[in-house]
Amino acid sequence: MVLIEVHSIEIDRCPQCGGIVLDKGETETIDSLGLAHVIEGGAQGAHVHRTTPATCHECKRTMIELKGAGDIEYDWCDGCERLFFDRGELSAFDAFADS
């Protein structure tokens, strides 16, 4: 993971897949500031669905796959409560929430 900072929010991004890891509470901050599109660097549309479960890079647990508004899939770690969004999922989630 590579740490990037956007408007004082520290974001973990996977350099291989472009996925985003958010700590607990960061989704609300990102939504209130309208930063999802900026954080993902313009990624839009459908993403390639993984065939294996996501693993939390912090506590190494298998993450739980969740489905949110608009059937957007993302992953949650029940250990550290981080969220993982595959490339394009955060922008899609934000676009659906704003509509």
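**A helix across an open antiparallel sheet**

Helix H1 carries the exposed residues Glu-28 and Ser-32 on the face that is turned away from its buried side. The model under discussion is a predicted one, and within it H1 spans residues 26-33. The buried residues of this helix are Glu-26, Thr-27 and Ile-30. Because these residues cover an arc of only 100 degrees around the axis, they lie on the same side of H1.

What, then, covers the buried residues of H1? The cover includes the strands E2, E3 and E6, together with helix H2, which comprises residues 36-39. In its placement H1 lies across E2, E3 (residues 20-22) and E6, and the helix runs at about 110 degrees to E2. After H1 comes Gly-34, a residue whose phi is positive, near 65 degrees.

The strands beneath this description belong to one arrangement: 6 strands form an open sheet in the order E1-E2-E3-E6-E5-E4, and their pairing is antiparallel. At the edges of the sheet stand E1 (residues 2-6) and E4, each of which pairs on one side only. Neighbouring strands of the sheet are turned against each other by 35 degrees on average, when direction is ignored. In general, strands of a sheet pair through backbone hydrogen bonds, in either a parallel or an antiparallel manner.

Starting from the edge strand E1, one finds that 5 bridges join it to E2, which consists of residues 9-13, and that the two strands run antiparallel. Within this pairing, Glu-5 stands opposite Glu-10 in E2.

Turning to the other edge, strand E4 (residues 64-67) pairs with E5 (residues 73-76) over 4 bridges, again in the antiparallel sense. Ile-64 has Trp-76 of E5 as its bridge partner. The two strands E4 and E5 form a hairpin with 5 residues between them, and in its turn Gly-70 has a positive phi of about 70 degrees.

From E5 the path leads on to E6 (residues 83-85), and 2 bridges join these antiparallel strands. Here Trp-76 appears once more, since its bridge partner in E6 is Leu-83, while Ile-64 is paired with this same tryptophan, Trp-76 of E5. The hairpin of E5 and E6 has 6 residues between the strands, and in this hairpin Glu-81 takes a positive phi near 65 degrees. Strand E6 also brings the account back to the helix, for H1 lies across E6 as well as E2 and E3.

Technical notes
Residues are numbered from 1 along each chain as its sequence is written. This is a predicted model: local features need pLDDT of at least 70, side-chain atom pairs count only at pLDDT 80 or more; totals for chains, interfaces and linings use all residues. Side-chain values use heavy atoms; hydrogens and water are left out. Two strands pair if DSSP finds at least two bridges between them. Axes are lines fitted to C-alpha atoms, for helices over the stretch in contact, and angles run from 0 to 180 degrees between N-to-C directions. Contact means heavy atoms within 4.5 Å. Buried means under 20% relative accessible area, exposed over 50%, partly exposed in between (1.4 Å probe, protein chains only). The arc is that of the directions from the helix axis to the C-beta atoms.
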